[in-house]
Amino acid sequence: MPRETTPGSGATRPMPHIAPSVAVERVVVVASGKGGVGTSVCASLLALACASLGGRTLLIDGNEGNGTLHHLLKVRPVRSLDALRDPRVPVSDVCVHLGDAFTLVACKPASGEQITLTPDARRAPLERVLALSMDYDCVVVDGGSRLDGILAVTGAGAARAVIVTDADRIALAANFALLKVLSTQAPHVQSRILVNRHDDAVALRAGAQLTEACSRFLGAEISLAGSVPDDACLRAAIGAGMPIGDAAHDSPASVPMAELALAVFPQLVAAQGADAHRH
């Protein structure tokens, strides 16, 4: 069973269900306890930032039944993640290559079958696709806001999470509830808080409320990953049907995402240093 070392402590924590074929240090899930806070946009921007920094990037839509990444990226996948429940379907069949260093695995719309899935069945396709982490530098999974889906992703191979929140009380309370569940059902996961659609001042206040609550009531030290400013032009471009990669060009939202990419994927820092040395 893989084990993760806690930074600075030397202690290790077991990660149940995670196969040795999964490179856990390359996998991050982007999730939220509340829908509508921009989780999928943040996951897309993070993955695009990783690719722009030179990382071979795999973006997985783990938001089963509510996945929107193929809409944001303007692609029409032939097969989606759920197809991997059939062991006869090769993992390569669900991969949509959008460039030499960027691959998408999409999700299909909701169905009655998905509502009745067992935890093992929900986790199974994720376990198969996360084995691809050996072939990529960065794997970003959109975990959405459904608790069963988020637990499936963390159980299949995500040992780190970026928790997206708004600054309002409902979003903060919902994300506290999510972090509470993760602290008991997925204690191997190391989480960071990302405040979306706000400037640094608001984000610091909102983040402090959430991190202090986690410290006081859960005994968990959660760090603040930063903030993503609200960009009306980006929202308008996405709403008008522009692919998010084009819409995010020169967007102020792209700057903190590049910083976050370097923070959650340290291997990108090494790659940047190697590139600078070569030039």
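Asp-168 caps the N-terminal end of helix H6, with one of its side-chain oxygens 3.0 Å from the backbone nitrogen of Ile-170. The model is a predicted one.

H6 covers residues 169–185. At 1.5 Å a residue, its 17 residues should span 24 Å, and the C-alpha atoms at its two ends are indeed 24 Å apart, so the expected and computed lengths agree. The buried residues of this helix are Ala-171, Leu-172, Asn-175, Leu-178, Leu-179, Val-181 and Leu-182. An α-helix has 3.6 residues a turn, so residues three or four places apart point the same way. The buried residues of H6 pack against helix H5 (147–156), strand E8 (160–165), strand E9 and helix H7.

Two of these neighbours, E9 and H7, belong to a crossover: the chain runs from E9 through H7 to E10, and this β-α-β unit is right-handed. Strand E9 spans residues 190–196 and strand E10 residues 223–228; the two pair in the parallel sense over five bridges. Within this pairing, Arg-192 is opposite Ser-223 of E10.

H6 and H7 are also linked through aromatic rings. A pair of aromatic rings is described by the distance of the centres and the angle of the planes. The count here is one aromatic pair. Its members are Phe-176 and Phe-217, whose ring centres are 6.4 Å apart and whose planes meet at 85°; because angles over 60 degrees count as edge-to-face, the pair falls in that class. Phe-176 lies in H6 and Phe-217 in H7 (residues 200–218), so the pair ties together parts 41 residues apart in sequence. Phe-217 has 56% relative accessibility and therefore counts as exposed.

Methods: Residues numbered from 1 in each chain as written. Predicted model: local features only at pLDDT ≥ 70, side-chain atom pairs only at ≥ 80, totals over all residues. Heavy atoms only, no water. Phe/Tyr/Trp six-rings, centres within 6.5 Å; stacked < 30°, edge-to-face > 60°. Helix = DSSP H or I, 4+ residues; strand = E, 2+ residues; numbered from the N terminus. Buried < 20%, exposed > 50% of the residue type's maximum accessible area, 1.4 Å probe, protein only. Pairing = 2+ DSSP bridges. Right-handed = clockwise from strand over helix to strand, strands pointing away. Expected span 1.5 Å × (residues − 1). Contact = heavy atoms within 4.5 Å. Polar contact = N/O pair within 3.5 Å; in protein donor to acceptor, adjacent residues only side chain to side chain.
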